[in-house]
Amino acid sequence: MAEGSSSMKTKARVTLHDVAREAGVSKSTVSRMLDERLPNSDSPKARHVREVARKLGYVRDLSAANLRRGSTGTIGVIVPRLTDTVMAMFYEAVSAAAAQQGRFAIVATTDDSPDASRKAAEALIRRGVDGLILTTAREGDHFGEALRERGVPFVYALRHNGASAASVGDDKLGGYLATRHLIDLGHRRIGIVAGPDYATSSRGRLAGYLHALEEGQIAVAPELIVPSTFSIDSGEAAARHLMELTRPPTAIFAINDNTAIGSMSAIMQSGRSVPEDISLVGYNDIPIVSRLPVPLTTVRVPFDRVAEVALHLLFEAAETPEVRKITPSLIPRKSTAPPRAPPPRHS
């Protein structure tokens with residue numbers, strides 16, 4: 001008896017994936033068939049799935065059981081912070097798209113901390129939200145796998161972890177558009193406030209920057225690539241570093257509008273002007289940037305479309321996790337112009 005009891009304690013919990021494999025059906029089918037509230041739950045297939053689940057000893061996670069379609073009509077949205085205008089705009093877009101479906105969006109902030117993101121998710125799950133939209137993904141993060149094993153519906157947005165469903169802007173294309181615009185104006189020494197390495201958004205934009213340089217046959221200058229966070233202060237510090245180089249850039253691509261605003265401050269503090277001395281491009285097109293003393297050239301991301309696709313992916317339960325990329329567009333304004341001096345012949 002004691003030996004059998006020990007075996008029971010160490011036995012791994014049976015998951016939806018285990019039931020699906022044994023029953024010969026998809027995991028989403030198992031999820032539907034074990035939900036008694038859904039139609040056709042007494043079909044032969046449903047009886048077969050329930051019998052397999054019973055034999056395997058499958059027990060539904062009670063917190064995950066609350067996360068079934070239509071259970072509460074609420075969606076949890078997890079963002080780093082609402083003081084970031086991008087995240088506030090995205091949450092509003094999700095809220096509007098959810099309202100069109102008769103749902104209500106609840107937001108939780110995490111200060112971009114992985115531990116806080118997990119705690120926020122648990123709190124929302126306990127409150128019975130129908131699913132989670134996460135904007136706090138980090139490259140290689142396994143949090144999504146843990147949610148999937150529990151049967152919790154979720155989707156990443158704006159950033160992704162490389163292994164789960166996500167709705168994001170096409171960041172590589174956006175970074176390319178920003179940098180190509182500067183190259184077409186005649187710039188050859190282009191700095192980038194590159195953002196944090198853990199975020200797929202900033203990594204994608206950096207990849208677009210590098211692709212544009214390669215296409216323009218411009219050698220990469222490592223000293224012009226400066227990491228940052230997504231904040232105004234970080235953008236100011238990164239641009240100040242670029243201004244202090246022996247050969248500063250004639251143009252800067254900042255990874256988001258916040259860092260672009262900080263960069264503009266650093267450029268002006270250095271005694272230079274935008275765009276006469278330094279051209280500047282941001283990213284996201286938050287409302288304030290068109291109203292700056294020098295309206296900012298930026299890359300616009302259609303947050304309403306990102307939100308709509310995120311909700312679609314959240315409730316479609318596709319068998320293969322899909323990363324949907326939404327096309328951005330360049331918005332030229334007065335912060336970019338041809339360089340004052342002709343570019344050097346060899347750069």
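**Exercise 1. The end of helix 7**

Which residue follows helix 7, and what is the sign of its phi?

*Solution.* The structure is a predicted model. Helix 7 is followed by Gly128. The phi angle of Gly128 is positive, near 80 degrees.

**Exercise 2. The two sides of helix 7**

Describe the length of helix 7 and determine how its buried residues are arranged around the axis.

*Solution.*
Step 1. Helix 7 contains 13 residues, and the distance from its first C-alpha to its last is 19 Å. The span expected at 1.5 Å a residue is 18 Å, and the value for helix 7 is close to this.
Step 2. The buried residues in helix 7 include Ser117, Ala120, Ala121, Leu124 and Ile125.
Step 3. When helix 7 is viewed down its axis, the buried residues fall within an arc of 135 degrees, so they line one face of the helix.
Step 4. A general rule helps here: an α-helix has 3.6 residues a turn, so residues three or four places apart point the same way.
Step 5. Lys119 and Arg126 are exposed on the other side of helix 7.

**Exercise 3. Salt bridges between separate parts of the chain**

For the pairs Asp111 and Arg81, Glu215 and Arg180, and Arg333 and Asp285, state the distance between the N and O atoms and explain which parts are tied together.

*Solution.*
Step 1. The whole structure holds 18 salt bridges.
Step 2. In the salt bridge of Asp111 with Arg81, the closest N and O atoms are 2.9 Å apart. Asp111 belongs to the loop between strand 2 (104–109) and helix 7 (114–126), and Arg81 to the loop between strand 1 (74–79) and helix 6 (85–100), so the pair ties together parts that are 30 residues apart in sequence. Asp111 has 55% relative accessibility and counts as exposed, while Arg81, at 27%, counts as partly exposed.
Step 3. Glu215 and Arg180 form a salt bridge whose closest N and O atoms are 2.8 Å apart. Glu215 is in helix 10 (residues 200–215) and Arg180 in helix 9 (residues 171–184), so this pair ties together parts that are 35 residues apart in sequence. Glu215 is partly exposed, its relative accessible area being 42%. A network of salt bridges links Arg180, Asp184 and Glu215.
Step 4. Arg333 and Asp285 meet in a salt bridge with an N to O distance of 3.1 Å. Arg333 is in the segment after strand 12 (329–331) and Asp285 in the loop between strand 9 (279–281) and strand 10 (298–300), so the pair ties together parts that are 48 residues apart in sequence. Asp285 is buried, at 12% relative accessibility.

**Exercise 4. The nonpolar cores**

Which residues of the largest nonpolar core touch the most other members?

*Solution.*
Step 1. The largest nonpolar core has 71 residues, of which Ile75, Phe90, Ile133, Ile252 and Phe253 touch the most other members.
Step 2. Helix 13 (residues 303–316) supplies the largest share of this core, nine residues.
Step 3. Leaving aside residues up to four places away in sequence, Phe90 touches Ile133, Thr135, Ala157, Leu158, Phe303, Val306 and Ala307.
Step 4. A second, separate core has 17 residues, among them Ala120, Ala121, Phe154 and Tyr156. Ala120 and Ala121 were listed among the buried residues of helix 7 in Exercise 2.

**Exercise 5. The surroundings of Lys172**

Where does Lys172 lie, and which residues does Lys172 touch?

*Solution.*
Step 1. Lys172 is located in helix 9 and is partly exposed, with a relative accessible area of 46%.
Step 2. Residues up to four places away in sequence are not counted; Lys172 then touches Gly204, Arg205, Ala207, Gly208 and His211.
Step 3. Lys172 and Arg203 are 31 residues apart along the chain, and their C-alpha atoms are separated by 8.1 Å.

Note on methods: Residues numbered from 1 in each chain as written. Predicted model: local features only at pLDDT ≥ 70, side-chain atom pairs only at ≥ 80, totals over all residues. Heavy atoms only, no water. Salt bridge = Lys/Arg side-chain N within 4 Å of Asp/Glu carboxyl O. Helix = DSSP H or I, 4+ residues; strand = E, 2+ residues; numbered from the N terminus. Buried < 20%, exposed > 50% of the residue type's maximum accessible area, 1.4 Å probe, protein only. Core = buried A, V, L, I, M, F, W, Y, C linked by side-chain atoms within 4.5 Å. Contact = heavy atoms within 4.5 Å. Expected span 1.5 Å × (residues − 1). Arc of directions from axis to C-beta.
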